[in-house]
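Ready for some practice in reading a protein structure? Keep the sequence and the 3D view open, and try each task before you look at its solution.

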Amino acid sequence: MQTKIMIVEDETDINRLLARILEAEGYGTIQAFSGTEALLLLEREEPNLILLDLMLPGLTGEELLTHIREKKRLSAPILVLSAKSALNDKVALLKSGADDYITKPFEPEEVAARVQAALRRTGSLPRRQLPFSYKNIMLYPESRKVIVNGLELSLTSHEYELLLLFLQSPEKVFSRESLYEQVWKNGYYGENNTVNVHVSNLRRKMKEADASEEYIQTVYGIGFKLK
Ligand code: CA
């Protein structure tokens, strides 16, 4: 199961930035924009870690922290986010159940490192991602390395993402629209030829490494699937 991190932060830009940083590290995110929303979400979600801004409208971060620790008995590590000047009582915070704090403004690397350290301390780091294998293809998600027939392919990130999608669901027929949405992540597919071009480049590179196999099949009128 994916490690899930709840972000409690009322400033939309910062909340989104944190989500992007964490998702790039492979974590799932649950975004709450107020303390009340966080409490509601905690009714049904069990995050592995919570990033908690202190300056929240309504229910404050401190109140939420106490509530989570005392009422909900949730043991997930909680990292407090705060402007440096507002962090005048670190000891009290740590006593009331925070595990660590990150001062704003923060660097993405710092957030990622502190989250990872807190998860490591509680033994809830994500499991190793296993390689995918299909015919003569091996794909290693942790290093983003693709080996075909013993040869390492040099893929662009879009080609890699396409191949990863295919390998994750070897039986699935993907429409061009859905490939486009999942790989390019910018909405409407329209009339463009992007997916075709990238799939054909991917095919060519695989063919160069392994002339004996066809790996991607065109499904007429729909899109592509693994062959
Ligand atoms: Ca705030």
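The exercises below deal with a predicted model.

**Exercise 1. Find out into which domains the chain is divided, and state the separation of their centres.**

Solution.
- Step 1: Begin with the bounds. Domain 1 covers 4–122, and domain 2 covers 132–226.
- Step 2: Now take the centres over C-alpha atoms. The centres of domain 1 and domain 2 are separated by 37 Å.

**Exercise 2. Work out the order of the strands in the open sheet that contains S10, S11 and S12, and name its edge strands.**

Solution.
- Step 1: Look at S11 (residues 216–219) and S12 (residues 223–226). Four bridges pair them in the antiparallel sense.
- Step 2: Check two of the partners. Thr 218 has Phe 224 of S12 as its bridge partner, and Ile 216 stands opposite Leu 226 in S12.
- Step 3: Turn to S10 (residues 174–175). This strand is joined to S12 by two bridges, again running antiparallel, and here Phe 174 stands opposite Phe 224.
- Step 4: Put the pairs together. The order is S10-S12-S11, an open sheet of three strands with antiparallel pairing. S10 and S11 each pair on one side only, which makes them the edge strands.
- Step 5: Add two details. Three residues lie between the strands in the hairpin of S11 and S12, where Gly 221 has a positive phi near 80 degrees. H8 lies across S11 and S12, at about 145 degrees to S11.

**Exercise 3. Which residues touch the most other members of the largest nonpolar core, and which element gives the largest share of this core?**

Solution.
- Step 1: The core has 27 residues, and Ile 137 and Met 206 touch the most other members.
- Step 2: List the suppliers. At least two residues come from each of S7 (137–140), S8 (145–148), H6 (157–168), H7 (176–184), H8 (194–209) and S12.
- Step 3: Pick out the largest share. H6 provides seven residues.
- Step 4: Follow the contacts of Ile 137. Leaving out residues up to four places away in sequence, Ile 137 touches residues including Val 146, Leu 163, Met 206 and Tyr 215.
- Step 5: Do not stop at one core. A separate second core has 21 residues, among them Leu 54, Ile 68, Val 80 and Ala 98.

**Exercise 4. Identify the residues that coordinate the calcium ion, and explain why Asp 10 and Met 55 tie together parts that are apart in sequence.**

Solution.
- Step 1: Find the donors. Asp 10 (OD), Asp 53 (OD) and Met 55 (O) coordinate the ion at 2.2 to 2.4 Å.
- Step 2: Write their spacing along the chain, which is D-x42-D-x1-M.
- Step 3: Locate the loops. Asp 10 sits between S1 (4–8) and H1 (12–24), and Met 55 between S3 (49–53) and H3 (61–72), so the pair links parts 45 residues apart in sequence.
- Step 4: Compare accessibility with the cut-offs. Asp 10 is partly exposed because its relative accessible area of 26% falls between the limits of 20% and 50%. Met 55 counts as exposed because its 61% relative accessibility is over 50%.

Conventions:
Residues numbered from 1 in each chain as written. Predicted model: local features only at pLDDT ≥ 70, side-chain atom pairs only at ≥ 80, totals over all residues. Heavy atoms only, no water. Pairing = 2+ DSSP bridges. Core = buried A, V, L, I, M, F, W, Y, C linked by side-chain atoms within 4.5 Å. Buried < 20%, exposed > 50% of the residue type's maximum accessible area, 1.4 Å probe, protein only. Contact = heavy atoms within 4.5 Å. Domains from an automatic or database assignment. Axes fitted to C-alpha atoms, helices over the stretch in contact; angles between N-to-C directions. Donors = N, O, S within 2.8 Å, 3.2 Å for Na, K, Ca; no water.
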